[in-house]
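Student: Please take one part of this model and look at it closely. I would like to follow how it is placed against the rest of the chain.

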Amino acid sequence: MTAMAGARFFISGHVQGVAFRAHTRAQALTLDLRGYARNLADGRVEVLAVGDAEAVERLAAWLQHGSPSARVDRVRREALESHVDLGVGVEGFAVG
């Protein structure tokens, strides 16, 4: 059995309006992750990713650069530990 992991990321830079969320969703689905990517009012994008620990790490590495038209200045990461945090009942990967 593979280890389940989850993380919440807050990405700063030129990441809204440049298809960053759509590219993040495509990357996450390729990695078989569940969660979401959504714009925040302060200009950042929040990404919640839950799944295989190695897949979460691969998404974390991808987020450092993001989509081709994005400019990532900073990625802040928060670990998720509880079953609620790990998105029990979350299906697919949503963009909001």
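**A helix against the sheet**

Tutor: In this predicted model, helix α1, residues 20-30, lies across β1 (4-14), β2, β3, β4 and β5, and its direction makes an angle of about 175 degrees with that of β5. Start with the side of the helix that is hidden. Phe20, Thr24 and Ala28 of α1 are buried. These residues span an arc of only 65 degrees around the axis, so they sit on the same side of α1. The spacing follows a general rule: an α-helix has 3.6 residues a turn, so residues three or four places apart point the same way. The cover over the buried residues of α1 includes β1, β2, β3, α2, β4 and β5. After α1 comes Asp32, which has a positive phi near 60 degrees.

Next, the sheet that α1 lies across. The sheet is open and has 5 strands, in the order β4-β1-β3-β2-β5, with mixed pairing. The edge strands are β4 (71-79) and β5 (93-95); each has a single partner, so one side of each has no neighbour in the sheet. From one strand to the next, the twist averages 20 degrees.

Within this sheet, look at β3. Strand β3 covers residues 45-52 and pairs with β2, residues 34-39, in the antiparallel sense through 6 bridges. One bridge places Asn39 with Val45 as its partner in β3. The two strands form a hairpin with 5 residues between them, and in the turn Gly43 has a positive phi of about 95 degrees. β3 also runs antiparallel to β1, to which 8 bridges join it. There, Gly6 is opposite Val50 of β3. Of the 8 residues in β3, 7 are buried.

A second helix belongs in the picture. Helix α2, residues 53-63, lies across β1, β3 and β4 and runs at about 155 degrees to β3. At its start, a side-chain oxygen of Asp52 comes within 3.1 Å of the backbone nitrogen of Glu54. The buried residues in α2 are Ala55, Val56, Leu59, Ala60, Trp62 and Leu63. Their arc around the axis is only 160 degrees, which places them on the same side of α2. Exposed Glu54 and Arg58 are carried on the face turned away from that buried side. Among what covers the buried residues of α2 are β1, α1, β3 and β4.

Leu59 shows how these parts meet. Beyond its neighbours within four places in sequence, Leu59 contacts Thr24, Gln27, Ala28, Leu31, Leu33, Val47 and Ala49. Thr24 and Ala28 are buried residues of α1, so this is a place to look at both helices together.

Finally, the core. The largest nonpolar core contains 24 residues, and those with the most contacts inside it are Phe9, Ile11, Phe20, Leu33, Val47, Leu59 and Leu63. At least two residues of this core come from each of β1, α1, β3, α2 and β4. The largest share, 6 residues, is supplied by α2.

Key: Residues numbered from 1 in each chain as written. Predicted model: local features only at pLDDT ≥ 70, side-chain atom pairs only at ≥ 80, totals over all residues. Heavy atoms only, no water. Pairing = 2+ DSSP bridges. Helix = DSSP H or I, 4+ residues; strand = E, 2+ residues; numbered from the N terminus. Axes fitted to C-alpha atoms, helices over the stretch in contact; angles between N-to-C directions. Contact = heavy atoms within 4.5 Å. Buried < 20%, exposed > 50% of the residue type's maximum accessible area, 1.4 Å probe, protein only. Arc of directions from axis to C-beta. Core = buried A, V, L, I, M, F, W, Y, C linked by side-chain atoms within 4.5 Å. Polar contact = N/O pair within 3.5 Å; in protein donor to acceptor, adjacent residues only side chain to side chain.
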